[in-house]
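Thanks for making the time this morning. I would like to walk through one model with you, going element by element, and I will pause on a few places where the backbone or the packing deserves a second look.

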Amino acid sequence: MGKLFSVISVLLLVSVSCLRQEPSGRDTIDYVKSIAENADLQENRLLASFSRLPSGGDVAIIGSGASCWQLGRYFKDCDMFDNVRGMRRADDLADFAGETFSLLCDAACAPYGKYVKENGGDALREASVRMSLAALSSKCSVSVYDLEGNCAKTPAKMIILADPWLLRYGKFDIDTLFTLTSCKVPVISPQGLMMDAVFSGEKKYFNIGILCDSSYVDKGIYRSIFEAKAKEHGIVGARFFESAIDKNAGNLIGSFLDSYIESGRTDALDAILVDDWSLDMKVLQKNLQDIRDFNKEESMLYGKYINPVFLLAGSSDLTMAACYEKLRELSIFTHRIALPQLKSYTVSARPAGAETPFLLIPNDNV
């Protein structure tokens, strides 16, 4: 039986995705250019102040409210590492002890598919950059009537883009702006990590399945990300299939493969990427083992649709590992003796007559 590549085998590989990619050929938006070209602008000065990272900063998670809370709770409960040695081994201690996760729940632009359709992709690109600047700011607004920002907040030392739309319409411009202004804050995309898991290593995976939440199926966002990443890595002929699953199914991987078979596809998959944080990757690994076990019925039903060399990777585990390793690498863990904390803010739509495109308001004050 061929070797099964699990998510563990790619964690070190994809951790490089925590680093920003240098701009290469693609043009950034005018808003980014205007900030980068004017050192006197408040935004430029803010970014330049992050040439060194504060260990006391928050980890900011940007996206729709549902996405932010899902990721925040996952971080809060995460125990994948030995906190003393940094090895991948649970130690019954919270991996992100002492850290505060600021959830920037976007009520101004989300749902993003609708926003892009109505306003265009460049509008979301600019909004993504502005939200990243809000994450770095030490100010927010007391209420929708506070246009000056009279409430203090902790700046971010790391930014996570929780939604695939923000990878497609935002990360490149955020990376470009941060690079041009010497801002060292890492920007991480769970979906970017996931794609790099199949495209960045020596082994290339050409027939990819993506298991995602039903709200994203057939919206075109994963296909767009997939095709862009394949092009970026020089992969020609890569194929793609996306589907949600019946979460009550006895075998969740089997449920995904049922949809794959029903679509008319017959070629074996090289990888399944999981971008549904409500699913337990340990359960999915067990489901896959059952399919590879010739003593079980699942092997007869689904075995031929799984290649002998196969990757099962989840954006949840990849993101936890990448963030943990980056915080250690940069020595910016807070080292406070406390459980991980969640703070939430609402990215509120612009009030009538206000110059700012949105306000960031602590949810306690909403």
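Let me begin at the end of helix 8, which is followed by Ser 182, a residue whose phi is positive, near 65 degrees. Please keep in mind throughout that what you are looking at is a predicted model. Ser 182 is not a glycine, and yet its phi has that positive value; its place is in the loop that links helix 8, residues 171–180, to strand 7, residues 187–188. Is this serine buried, exposed or something in between? Its relative accessibility is 39%, and therefore Ser 182 counts as partly exposed.

Helix 8 itself is mostly covered, with 8 of its 10 residues buried. Those buried residues are Lys 171, Phe 172, Asp 173, Ile 174, Asp 175, Thr 176, Leu 177 and Phe 178, so you will see that Lys 171 and the aspartates Asp 173 and Asp 175 are in the list along with Phe 172 and Phe 178. What covers them includes helix 2 (30–36), helix 3 (42–48), helix 6 (121–136), strand 6 (156–161), helix 7 (164–168) and strand 7.Strand 7 takes us to the sheet. Here 6 strands form an open sheet with mixed pairing, and their order is 7-6-2-3-12-13. Which strands stand at the edges? They are strand 7 and strand 13, the latter being residues 358–362, and because each has a single partner strand, one side of each is left without a neighbour in the sheet. At the strand 13 end, strand 12 and strand 13 pair in the antiparallel sense over 5 bridges, and within that pairing Tyr 345 stands opposite Pro 362 in strand 13. Helix 4, residues 65–77, lies across strand 2 (58–63), strand 3, strand 6 and strand 12, and runs at about 165 degrees to strand 3.

From strand 3, residues 100–106, a loop leads to helix 5, residues 112–119, and Pro 111 has its place in that loop. I would ask you to look at the peptide bond from Ala 110 to Pro 111, which is cis, with omega near 0 degrees.

Helix 5 then packs with helix 6 at an angle of about 125 degrees, the axes being 7 Å apart, and that angle makes helix 5 oblique to helix 6. On the helix 5 side the contact involves Tyr 112, Tyr 115, Val 116 and Asn 119, and these meet Gly 121, Ala 123, Leu 124 and Met 131 in helix 6. Sorted by class, this contact has 6 nonpolar residues, 2 polar residues and no charged ones.

A second helix pair is worth setting beside that one. The axes of helix 11, residues 252–262, and helix 12, residues 281–292, come within 7 Å and cross at roughly 70 degrees, which makes helix 11 roughly perpendicular to helix 12. Which residues of helix 11 and helix 12 meet there? From helix 11 they are Leu 252, Ile 253, Gly 254 and Leu 257, and from helix 12 they are Val 283, Leu 284, Asn 287, Leu 288 and Ile 291. The residues of this contact divide into 7 nonpolar, 2 polar and no charged.

Let me turn next to strand 10, residues 269–275, where 7 of 7 residues are buried. As a general reminder, strands of a sheet pair through backbone hydrogen bonds, in either a parallel or an antiparallel sense. Strand 10 pairs with strand 8, residues 207–212, in the parallel sense over 5 bridges, and it is joined by 5 bridges to strand 11, residues 306–314, which also runs parallel to it. Ile 272 is a useful residue to click on in this region, as it is the bridge partner in strand 10 of Gly 209, and it stands opposite Leu 312 in strand 11.

One further backbone detail concerns His 335, where phi is near 65 degrees, again a positive value in a residue other than glycine. His 335 has its place in the loop between helix 14, residues 315–329, and strand 12, residues 341–349. With a relative accessibility of 68%, His 335 counts as exposed.

Finally, a word on confidence. The protein averages a pLDDT of 90, and 92% of the residues score at least 70. Over residues 1–23, however, the pLDDT is below 50, although this stretch has 72 contacts in the model beyond near neighbours in sequence. I am happy to go back to any of these places on the screen.

Definitions and conventions: Residues numbered from 1 in each chain as written. Predicted model: local features only at pLDDT ≥ 70, side-chain atom pairs only at ≥ 80, totals over all residues. Heavy atoms only, no water. Buried < 20%, exposed > 50% of the residue type's maximum accessible area, 1.4 Å probe, protein only. Helix = DSSP H or I, 4+ residues; strand = E, 2+ residues; numbered from the N terminus. Pairing = 2+ DSSP bridges. pLDDT = per-residue confidence, 0-100. Contact = heavy atoms within 4.5 Å. Axes fitted to C-alpha atoms, helices over the stretch in contact; angles between N-to-C directions. Parallel < 35°, antiparallel > 145°, perpendicular 65-115°, else oblique. Nonpolar A, V, L, I, M, F, W, Y, C, P; charged D, E, K, R; others polar.
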